[in-house]
Amino acid sequence: MRRLFSIVVLLALPLLAVAAPAHAADDPFMVKDVKVDASAASAAEAFTIAVDEGRQKAWNELIPRLTRQEDWARVPAVETATLKRMTSGYQVADEKRSTTRYVAQVTYTFNGDLVRRFLQGANIAYADTAARPLLVIPMSPAYDPASPWLAAWSGVRMAGGAVPLDLPAPDALNRNVLAPLDFDSATWSDVQPVASRAHANQAALVLAGPVAAGQMTVRIRLLTPAGSQTLGPITVPAGAGPSGAYLAAAQAAASDIGNSWKARSAIDFNQRSTLTAEIRLDSLATWGHIQQRLANVPVVTNVNVEAMAIGQARIVISYAGTPAQLNDFLSQASLALSNRDGVWWLSAGSAHAGMERP
């Protein structure tokens with residue numbers, strides 16, 4: 001490495017802390033529109049019971065959203081008083097009151113730091129970042145905006161899970177792009193025009209097969225700029241008739257998509273590692289952009305400058321979770337990590353071109 005700058009005095013100084021929380025509109029710790037209904041001897045008592053019961057319902061919805069399905073049974077039970085302490089606040093809508101009954105829809109916001117501390121104390125991995133929307137493309141066997149399979153997806157709670165799910169707008173432009181798709185051979189470039197309109201950075205082709213032997217089978221292919229991944233297959237009983245089978249299959253597929261995302265994104269903060277990377281710097285602006293992007297990577301807990309010279313820096317990244325998760329989150333922040341002759345290099349730019357996993 002060439003001669004050091006005078007700013008070498010910055011060696012080993014921490015550059016950042018844990019990334020800032022998501023915008024309130026994307027707050028993963030907010031559970032919306034929980035229905036509450038309670039009766040008691042007085043209106044005040046009914047209100048208290050309803051809000052407490054709703055808080056427990058919200059918690060029961062929050063935990064599956066943040067954690068992997070295989071960990072749900074290990075999450076400790078939480079008492080009402082503890083839940084109150086972990087709640088930042090709540091908002092009430094559509095209230096109906098009588099002298100003995102209280103009915104409403106309540107949105108609860110949990111304290112992210114306290115929830116994280118609770119899950120870390122229980123050694124439960126969790127995903128607390130707001131996922132980008134995923135475009136769902138129902139096929140049976142081709143995409144048809146008038147199909148009962150697509151209609152079934154309107155009955156799925158598309159925005160309430162780990163990953164917000166969007167359907168293509170039923171207009172001519174989308175129909176022309178999606179109708180020719182082949183489930184087995186379609187790539188990200190085939191669906192990207194429609195996904196971009198939905199502000200989605202990934203898509204799921206969800207193929208519903210015909211009913212056979214009283215069952216319906218669903219196959220799923222996830223498409224991203226980095227490639228594709230196959231999930232399933234999922235099999236559901238078709239005893240409730242075609243419409244019931246379609247709805248059950250859509251709900252199961254949505255759950256599978258969410259679980260797949262959490263399997264990649266749920267972070268075990270008890271697993272800590274470091275990675276040393278070189279950075280080529282053509283300007284101070286490039287250095288600033290890379291620092292800013294690193295600050296928004298949720299698994300990165302600290303970055304130290306180990307050395308700096310004209311046009312180059314060496315940093316040590318401290319992170320939680322697995323190396324693959326670090327790589328994935330760096331990619332989402334438009335940071336490319338590559339290995340050249342045993343040396344890791346970090347650069348700003350294409351997030352998916354020629355990367356190797358650390």
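Trainee: Which residue of β3 stands opposite V92?
Mentor: This is a predicted model with residues numbered from 1 along each chain as its sequence is written, in which local features need pLDDT of at least 70 and side-chain atom pairs count only at pLDDT 80 or more. Totals for chains, interfaces and linings use all residues, while side-chain values use heavy atoms and leave out hydrogens and water. Strands β2 (residues 87-97) and β3 (residues 101-110) pair in the antiparallel sense over eight bridges, where strands (E, at least two residues) and helices (H or I, at least four) are DSSP runs numbered from the N terminus, and two strands pair if DSSP finds at least two bridges between them. Opposite V92, in β3, stands V106.

Trainee: What is phi of D94?
Mentor: D94 lies in strand β2, which a hairpin of three residues joins to β3. Most residues other than glycine have a negative phi. D94, however, has a positive phi, near 55°.

Trainee: Is H199 buried or exposed?
Mentor: H199 sits in the loop between α6 (188-197) and β6, and its phi is likewise a positive value in a residue other than glycine, near 55°. The relative accessible area of H199 is 60%, to be set against the classes buried (under 20%), exposed (over 50%) and partly exposed (in between), computed with a 1.4 Å probe on protein chains only. On that scale H199 is exposed.

Trainee: Why does V206 count as buried?
Mentor: V206 lies in strand β6 (residues 202-208). Leaving aside neighbours within four places in sequence, V206 is in contact (heavy atoms within 4.5 Å) with residues including W149, W153, F183 and I257. V206 counts as buried because its relative accessibility is 0%.

Trainee: How far apart in space are V206 and S140, C-alpha to C-alpha?
Mentor: S140 is joined to P141 by a cis peptide bond with omega of about -5°, and P141 is found in the loop between β4 (134-139) and α4 (148-153). V206 and S140 are 66 residues apart in sequence, yet their C-alpha separation in space is 8.4 Å.

Trainee: Which side chain of opposite charge is nearest to R221?
Mentor: R221, in strand β7 (residues 215-224), is buried yet has no salt bridge, that is, no side-chain nitrogen of Lys or Arg within 4 Å of a carboxyl oxygen of Asp or Glu. Its side chain instead has a polar contact of 3.3 Å with that of S228, the term meaning a pair of N or O atoms within 3.5 Å, of which, within protein, one must be able to donate a hydrogen and the other to accept it, with residues adjacent in sequence counted only if both atoms are side-chain atoms. Counting Lys and Arg as positive and Asp and Glu as negative, without His and the chain ends, the nearest side chain of opposite charge, 6.0 Å away, is D184.

Trainee: Which strands stand at the edges of the open sheet of five strands?
Mentor: The order of this sheet is β10-β11-β9-β13-β12, with mixed pairing. Two strands have a single partner each, so one side of each is left without a neighbour in the sheet; these are β10 (300-309) and β12 (335-340).

Trainee: Which residue in β13 does E278 stand opposite?
Mentor: Strand β9 (residues 272-280) pairs with strand β13 (residues 343-348) in the parallel sense over two bridges. The residue of β13 opposite E278 is W345.
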